[in-house]
Amino acid sequence: MNRILFLDVTGVLNSQADCGIDGIGDSHLCELKRIVDATNCEIVLCSTWRLADDLLEKLQLALERHNIPIWIDSTPDLSGDRAEEIQAWIEENGPFIGVIVDDDVDGFTEIGHRFVQTSVKNGLTAELATKVISAFGSQ
């Protein structure tokens with residue numbers, strides 16, 4: 001079964017601890033790479049970054065720099081309610097194992113897929129990356 005990582009950027013791949021030279025922290029990208037390598041998941045972008053071409057370009061270049069496959073899709077832009085947008089993507093794309101990584105709660109626990117919360121202060125840490133990897137294995 002496919003594994004999907006619903007990925008936010010702000011507060012996940014950038015943080016107060018590491019925002020990198022382009023707004024994306026290298027330490028967070030290393031942890032994302034570890035997740036992708038360990039789980040063979042594909043990324044669906046749910047960040048507001050998906051709505052701005054310049055930010056998408058920065059993200060693509062950062063992923064390429066770390067040999068992380070680019071996202072396969074983005075959630076639809078419906079209402080600004082990220083949980084609703086993820087739910088719409090889920091309904092359209094069928095069964096898979098999903099994990100949501102975001103710094104906000106936004107009703108994600110009601111969707112039925114695993115949720116790992118990061119913080120704007122620290123972003124995606126090694127400890128949280130391990131939780132994401134475990135979440136894929138526990139479904």
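Are Asp 102 and Arg 82 buried or exposed? In this predicted model, Asp 102 is buried, and Arg 82 is buried as well. To see where these two residues belong, it helps to begin with the overall fold and then return to the charged side chains.

The protein contains four helices and five strands, and, followed along the sequence, these elements come in the order β-α-β-α-β-α-β-β-α. Its radius of gyration is 14 Å, close to the 14 Å that the globule rule gives for 139 residues, so the protein is as compact as a globular protein of that length. Taken along the principal axes, the box filled by the C-alpha atoms is roughly 35 × 30 × 25 Å. Of the 139 residues, 47% are buried, while the accessible surface comes to about 6700 Å², with 48% of that area belonging to carbon and sulfur atoms. Among contacts between residues at least 6 apart in sequence, 66% join residues that are at least 24 apart.

The charged side chains comprise 10 positive and 24 negative ones, and the centres of these two sets lie 8 Å apart. The structure holds seven salt bridges, three of which are followed here in turn.

One of them joins the side chains of Glu 31 and Arg 34, with an N to O distance of 2.9 Å. Both residues belong to helix α1 (residues 26–39), where, being three residues apart, they are separated by about one helical turn. Glu 31 is buried, with a relative accessible area of 15%, whereas Arg 34, at 31% relative accessibility, counts as partly exposed.

Another salt bridge is formed by the side chains of Arg 50 and Glu 85, again described by an N to O distance of 2.9 Å. This pair links distant parts of the chain, since Arg 50 sits in the loop between β2 (42–45) and α2 (53–65) and Glu 85 in helix α3 (residues 82–93), 35 residues apart. Arg 50 is buried at 9% relative accessibility, and Glu 85 is buried with a relative accessible area of 3%.

The pair from the opening question can now be placed. Asp 102 forms a salt bridge with Arg 82, and the closest N and O atoms are 2.5 Å apart. Because Asp 102 lies in strand β4 (residues 97–102) and Arg 82 in helix α3, this salt bridge ties together parts that are 20 residues apart in sequence. Asp 8 also takes part, as salt bridges that share partners join Asp 8, Arg 82 and Asp 102 into one network.

Note on methods
Residues are numbered from 1 along each chain as its sequence is written. This is a predicted model: local features need pLDDT of at least 70, side-chain atom pairs count only at pLDDT 80 or more; totals for chains, interfaces and linings use all residues. Side-chain values use heavy atoms; hydrogens and water are left out. Helices (H or I, at least four residues) and strands (E, at least two) are DSSP runs, numbered from the N terminus. The radius of gyration is taken over C-alpha atoms; the globule rule is 2.2 Å times the number of residues to the power 0.38. Buried means under 20% relative accessible area, exposed over 50%, partly exposed in between (1.4 Å probe, protein chains only). Contact means heavy atoms within 4.5 Å. Accessible areas come from the Shrake-Rupley method with a 1.4 Å probe; for residues, only the protein chains shown count as cover. Lys and Arg count as positive and Asp and Glu as negative; His and the chain ends are not counted. The place of a charge is taken as NZ of Lys, CZ of Arg, CG of Asp or CD of Glu. A salt bridge is a side-chain nitrogen of Lys or Arg within 4 Å of a carboxyl oxygen of Asp or Glu.
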